[in-house]
Each structure stands twice: as structure tokens, then as C-alpha cells.
Amino acid sequence: MEMSDRYCHGTRVDVSSVSTSTATDPMKEEILRDDLSFYFMSPCEKYRTRRQLPWKLAVQILKIFMITLQLILFGLNNQLVVSYKEENLMAFKSLFLKGYSGVDEDDYSIAVYTKQSVYDSLHYVIDQYSQLGNLSVGPISYAEENEKFLPLIICKKSYKKGSIEPSEEVYDIDAELETVCLTLDPESTKTWRMNNTSFFELDFYRLVDIEITFTLKGINLQTVRSHELPDCYSFFIKIVFDHSCHSGKVKLTLDFDAVSSVCKNWKISGTAQKSTHYLLIFDGFVIVVCLSSAVLCTRSIVLAVRLLQRFSSFCLENYNQKVCEDDQREFLNGWYILVIISDVLAIIGSILKMEIQAKSLTNYDVCSIFLGTSTLMVWVGVIRYLGYFEKYNVLILTMGAALPKVLRFCCCAGMIYLGYTFCGWIVLGPYHEKFEGLSRVAECLFSLVNGDDMFPTFAEFEQKNTMVWLFSRAYLYSFISLFIYMVLSLFIALITDAYETIKGYQTTGFPMTELQRFLMGQKEGFPLQGQEVVGTECGEAETIHPSVMLCCCKSVPKDDTIILIG
């Protein structure tokens, strides 16, 4: 919001008419002023005025501690699940990929370059699968369905037909793909070499990829340490031999989908089940608190709408004027909307967490998003109560004043940023890994704007193509100079300018709106903001700052009818 004197053209109330208009009902006006003043008070002021307990404040404080504790408990459990999946993925790669070093090569696990290496890697997967029970140190076994082992499936995809003679620069390829699959049971893997010899005869000039899929079962026993029931997991493993580029390099990739479920038959002694019941009760209490918070905030919003309607009707009936948009926005409390959204997210996240605790749901990621976002909003909402203190209110006012200008500035700078992103992707992508995709280019440029990873970005360009190398230098130097020395400096200047404006207003007084004048009961001859009036004691002078909210630690104002709005 622009921090300027906010008057609405054609809608300003004649201040002198407040006291002189014979059509105005003084009693009705005072009741409306009291209701509006009470609505805009801080919790402490409301308690001093009408002895109304700050229920919303108490609920928010309780909710902050409960949601944070809930998030910590869920995060510790989620870390166990994530570590279990990551360690199993590493174990499967070491078990089924021949020559795996423990570190992936770029976006694939390992690469082979000879025909014999492809055959050896393919045979290695099947041999390791057949000996899984004797090799794995973890609680892993073959998956069963209807008391039968689920088979290992090998599918090879290749061009339907074709011939190629690189020396003569001649090729004949049918682009249509055909897929041939073979299924092997764990018991039959010992004889697979003799019974399926023809299947493993590969035409490498036609081969596109080989895909091996199988399912394994496992139990996550480490959750016992956190007093929870262990989960049973199904691992849907897929190993791909990628030869689609036909570049002489076959890339091997292993990945899996892990799905947890409730174990069919289990028996455990100790306090695991008891702890789960306590967690479910705690999550239920969190839901009740969030519902109470949402109801209280919704009630406040409804009250604000009704007060706005009363105030609008009053101005229209007595002064034939409409309330300006700036004053209307004073009734829309964005903090209440933020709290309601956080409450809804927390309730959804708590329900998902309860489903996970009851082993009816296995999607930890969705629950993490809801709980994490709700916790973020809850803690951001704390700033509202810090805003009652003048020294802490600077951040909120500065953000509100600078936001419109910053958004307009970002729209203009974003056009230049997108231009550099597309240009870097198309020109430098083939020569630098940081520019291989649009998202990676955007991330790389954002890092450069913040002064991160500058020299490695320059140094990793190889001088294989002189023209591209020279272009990369001009591209990087121009981008860094433009965004760091100009765009970023202007961005900071906008925020600094808003901050200086706010500091000046805190010293000289904020511009008054018609709503604030009405709440102060300003009559003809009433001192305006920034004017000095003689105090009631010792002839002291005081300055009226109507836009500064009274905080809890300040003394009770001499005139309770004067309400200062933040």
C-alpha cells in the first residue's frame, strides 16, 4: 500500500459535519464508533476496556507449540522411512549392478561399452536374483501372490527390422518398435541359460533398451526403536539397459517404487502400540485446536464485514458518501485469512498423519507438504502480534509499502531473466551441464545473481568450440553485470526507500484516513496529526500518531476514546 495521504476522490466525509449535522443521530454514531474502535484494538486493550479474554491469542499460542511438536514427531518418523528407502536403493544397486562403485554417474547408475559387458551385466542381474536369499543381509525376500512367487520379467525393445553399414554410409531401419518379453521364476533361474538361449542373442544395431522388472518384499524393523509398529514394504524394482542413443554407450539405471502396507501377521512386545495410540490422541487434539482457531478467525471476519456494512450505511445515510477503497481494506484482515488457511492445511495434514499412523496410508510426502506449509504459516502469523509493538512493526509496514513496487519491478526484470534463460539453454546447453535444461539454467543464473559458484561456471566451459566459448564469456559477463550491479541494486533501493519512508512516518506521524478521523471523533478544531496539544499535566505537549497501534506494555491512554490504528 502506498504510504501517502490516502484520500478518496469524491468520497471524503466533511469532518465538520460530524458535529454540526442535525441529521446525524449522536447515540447511533457513538455506538458505531465504539464498536469500530473495539474491533481495531489489540488483545490487551480489549481486555482493559471490556475485560474480554484474548481467546484467539491464547489459541494461537497453544496451536504454535502443538503444531510444531507434531511436525517434529512426524519429521523424525519420516526421516526413518526416507533413510530406509535410500539405503535399500543403494543395497539393490550393489546387489544387481555389476561393477557398481556406490556413486551414480550423472543421471544413470553405471555404463558399459562392450557387447561382452552388456551380456555379463545382464547375466549378473539374473544370477544375483536367483541367489538373493543367500546374498542379502537385510530382511528381503521374493514377493508372493496366491502362494506363488512373482516372476522376474525381462523385456527387450528393438526396431522391427533393419540393417546398417557405417563404412558405406548405408542403413535401412524400420522405425516401428517391437517388444519381446521373458518371465523367469526364482526356481527356474538356475536353468534359464539352457532354455532361453535365443532370447539372449542381441542385435545391438536394432536394440533400443532392455527392461528387467521384479518385486521384492521387506520389513522396516528400525521403527521399533521409535515405539512404532514396523511397516511391510513392497519394492517394485526396474533395471533398464538404455541403448537408445546407439552411441556405443549402454547406460544402466536401477530404480524402484516402495509401497508400505500393514503386515498381515505380526506380534511385538513392548510399548509400540501404546505409543501409537497416544500419537493418535495428540493428533486429534491438534485438529480440535485448529478447528477452534478457524472458527474464531471466521467469526472475526464476519464481524468485520458487518461493521463495514454498518459504517458504509452510516456514511451513505448521513453524508451521502461512499467509503473509499483504502478504508474498506482496513476491515479486511489478511492475517485472519492466513490463519484460516494454515488451520485447514494443519487439519488435512493431521488427518493424513493419523491415517499413516494407523497404516491406512503410505504417502509421507503429501502429509509432509501439508504439515510443513501449515507450520510455516503459523509461525509467520506470529508477526501479527509482534506488530502491536512499534519497534517490531517496521518489518510488516516496510513489506506492505514495498511489495507493490517490488512486484512491478520483478515483472520487468523477469522478462530479461527469461530471455537469458532461453538463450543460455539453446546455445550453451550442449557444452555445459548447468545449462542442459531450462530449470537448470534458471537455477544457475539465480545462483550467479547471488554471487554463488561464479568461477566454476566460467571454468567448466571447454574451448572445443571457439565461437561458443567467446559467446559464453559475453553472455556471462553481461548477465552478471546487468543483474548484480543494476537490477539487484535497484531492487534493494526500492526496499530501502520504503523503509526510510516508514521510519519518517514513525517520527512525524502517518497520513490519516477518513476511518481514523471518524474513530478519533474528530470535530471542528480538533488537533490534527502531528499538531501539539497541551497535556493535562505540567503543560506537556504530545504528538498524535494515529496510525501507531498501542501495545500491551504502554500505559493506558488518558482518553480511552482515542484509538490509534496500526
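Me: Let me start with one residue. Which residues does serine 300 touch, not counting residues up to four places away in sequence?

Reply: First, keep in mind that this is a predicted model. To read a contact list, look for partners that come from elsewhere in the chain. Here, serine 300 touches Tyr39, Lys56 and Tyr336, with residues up to four places away in sequence left out. Serine 300 itself sits in helix 8, which covers residues 272–319.

Me: Is serine 300 buried or exposed?

Reply: Buried means under 20% relative accessible area. Serine 300 has a relative accessible area of 4%, so it counts as buried.

Me: Okay, let's zoom out. How many helices and strands are there in the chain?

Reply: The chain has 16 helices and 13 strands. It contains 566 residues, and 40% of them are buried. You can also ask how far apart contacting residues lie along the sequence. Taking the contacts with a separation of 6 or more, 70% are between residues 24 or more positions apart.

Me: Where can I see one pair that is far apart in sequence?

Reply: Try phenylalanine 74 and lysine 353. They are 279 residues apart in sequence, yet 7.8 Å apart in space, going C-alpha to C-alpha. Phenylalanine 74 is part of helix 4. Its relative accessible area is 4%, so phenylalanine 74 is buried. Leaving out residues up to four places away in sequence, phenylalanine 74 touches Lys353, Ile356, Tyr364, Cys367, Ser368 and Leu371.

Me: Now the outside. What is the accessible surface of the chain?

Reply: It comes to about 31,800 Å², and carbon and sulfur atoms account for 60% of that. Next, you can look for patches on that surface.

Me: Which residues form the nonpolar patch on the surface?

Reply: Look for Met415, Ile416, Leu418, Phe422, Trp425, Ile426 and Leu438. Together they have about 680 Å² of accessible area. Helix 12, residues 393–428, supplies the largest share of this patch, namely six residues. Isoleucine 416 is in helix 12. At 36% relative accessibility, isoleucine 416 counts as partly exposed, because that class runs between 20% and 50%.

Me: And which residues form the negative surface patch?

Reply: That one is made by Glu105, Asp106, Asp107, Glu433 and Glu460. Take aspartate 107 as your example: it lies in the loop between helix 4 (55–96) and strand 1 (110–112). Exposed means over 50% relative accessible area. Aspartate 107 is at 61%, so it counts as exposed.

Me: Last topic, backbone angles. What is the sign of phi in most residues other than glycine?

Reply: For most residues other than glycine, phi is negative. That makes a positive value something to look out for when you read a backbone. Histidine 246 is a case here: it is not a glycine, but its phi is positive, about 50°. Find histidine 246 in the loop between strand 10 (231–242) and strand 11 (250–261). Its relative accessibility is 30%, so histidine 246 is classed as partly exposed.

Me: Where is aspartate 453 found?

Reply: Aspartate 453 is in the loop between helix 13 (438–449) and helix 14 (454–459). It also has a positive phi, about 60°, although it is not a glycine. With a relative accessible area of 32%, aspartate 453 is partly exposed.

Conventions:
Residues are numbered from 1 along each chain as its sequence is written. This is a predicted model: local features need pLDDT of at least 70, side-chain atom pairs count only at pLDDT 80 or more; totals for chains, interfaces and linings use all residues. Side-chain values use heavy atoms; hydrogens and water are left out. Helices (H or I, at least four residues) and strands (E, at least two) are DSSP runs, numbered from the N terminus. Buried means under 20% relative accessible area, exposed over 50%, partly exposed in between (1.4 Å probe, protein chains only). Contact means heavy atoms within 4.5 Å. Accessible areas come from the Shrake-Rupley method with a 1.4 Å probe; for residues, only the protein chains shown count as cover. Patches are made of residues with over 30% relative accessible area and no salt bridge: like charges are joined within 9 Å, nonpolar side chains (Val, Leu, Ile, Met, Phe, Trp, Tyr) within 5 Å. A salt bridge is a side-chain nitrogen of Lys or Arg within 4 Å of a carboxyl oxygen of Asp or Glu. Lys and Arg count as positive and Asp and Glu as negative; His and the chain ends are not counted. The place of a charge is taken as NZ of Lys, CZ of Arg, CG of Asp or CD of Glu.
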